[in-house]
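Here is a short guided look at a protein model, written for someone who thinks at the bench. Have the sequence and the 3D view open as you read.

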Amino acid sequence: MSTLPKTWNTDVVSDYIKQESQQKSPDIFLQTHLPIRKIRAKSLVGYDGQFVSDEELFEHVVQSTPEDDENRIYLLKGEVGSGKSHLCQWLEYQINGDGDVGGADEHVAIHISRNNTRLSDILDKLYEHIDDEHEELQDIATLDP
């Protein structure tokens, strides 16, 4: 019985294979990203019940304004391993400018992963996007849950 030669490097594999998409660098994430072409938009204004691509979802999100009556929070559901976290990570990179689109000027994507669901973790993610001039929002952390 012969063994096949090892054609991979453990360090490279550990860079690409992660438990969560947020653990990869943006460059590595985008190198391994495959576009999603069929996302059923059950409640997406203008696409109700149709299939959309990740690019169409991105365009819908960045074209929205606070004055719109449309979606402002997007909920994704699907089977384990169906790509929900990957889609959220891709949207975050695209909207915040870490992706190949260049970012959206008036939007900020905040991806709360399944490992950061404690109130303090969520507040930490939100604080990353609060300017110093909004210090009154920092008081939220002292409130009794």
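## Buried or exposed: the yardstick

A residue is called buried when its relative accessible area is under 20%, exposed when that value is over 50%, and partly exposed in between. Leu44 has a relative accessibility of 7%, so this residue counts as buried. You will find Leu44 in the loop between β1 and β2 (50-52). Leu44 and His60 are 16 residues apart along the chain, and their C-alpha atoms are separated by 8.6 Å.

Please keep in mind that this is a predicted model. Across the protein, which has 145 residues, 26% count as buried.

## The overall layout

To get your bearings, start with the secondary structure. The protein has five helices and two strands. Following the sequence, these elements come in the pattern α-α-β-β-α-α-α.

## The second largest pocket

Next, turn to a space you can look into. The second largest pocket holds about 560 Å³, and 21 residues line it. Nearest its centre lie Ile39, Arg40, Leu75, Leu76 and Lys77. Two elements, β1 (39-41) and α4 (84-96), each give two or more residues to this lining. The largest share, three residues, comes from β1.

What is the chemical make-up of the residues in the lining of the second largest pocket? There are 11 nonpolar residues, along with five polar and five charged ones. As general background, a probe the size of a water molecule, rolled over the atoms, shows where empty space is left.

## A nonpolar patch on the surface

Now move to the outside. Val108, Ile110, Ile112 and Leu126 make up a nonpolar surface patch, and together they have about 290 Å² of accessible area.

One of these residues, Ile110, sits in the loop between α4 and α5 (119-127). Its relative accessible area is 32%, so Ile110 is partly exposed. That value also fits the patch rule, because patches are made of residues with over 30% relative accessible area.

## The salt bridge

How many salt bridges does a search of the whole structure find? The search finds one. In a salt bridge, the side chains of Arg118 and Asp121 meet at 3.3 Å, N to O. This distance qualifies because the cut-off for a salt bridge is within 4 Å.

The two partners have their own accessibility values. Asp121 has a relative accessible area of 16%, so this residue is buried. Arg118 reaches 54% relative accessibility, so this residue counts as exposed.

Key:
Residues numbered from 1 in each chain as written. Predicted model: local features only at pLDDT ≥ 70, side-chain atom pairs only at ≥ 80, totals over all residues. Heavy atoms only, no water. 1 Å grid on protein atoms, 1.4 Å probe; cavity = no way out; pocket = protein on both sides within 12 Å on 5 of 7 lines; lining within 4 Å. Points joined across faces, edges and corners; volume = space filled by probe spheres on them. Helix = DSSP H or I, 4+ residues; strand = E, 2+ residues; numbered from the N terminus. Nonpolar A, V, L, I, M, F, W, Y, C, P; charged D, E, K, R; others polar. Patch = residues over 30% accessible without salt bridge, like charges linked within 9 Å, V, L, I, M, F, W, Y side chains within 5 Å. Areas by Shrake-Rupley, 256 points an atom, 1.4 Å probe, with all protein chains shown as cover. Buried < 20%, exposed > 50% of the residue type's maximum accessible area, 1.4 Å probe, protein only.
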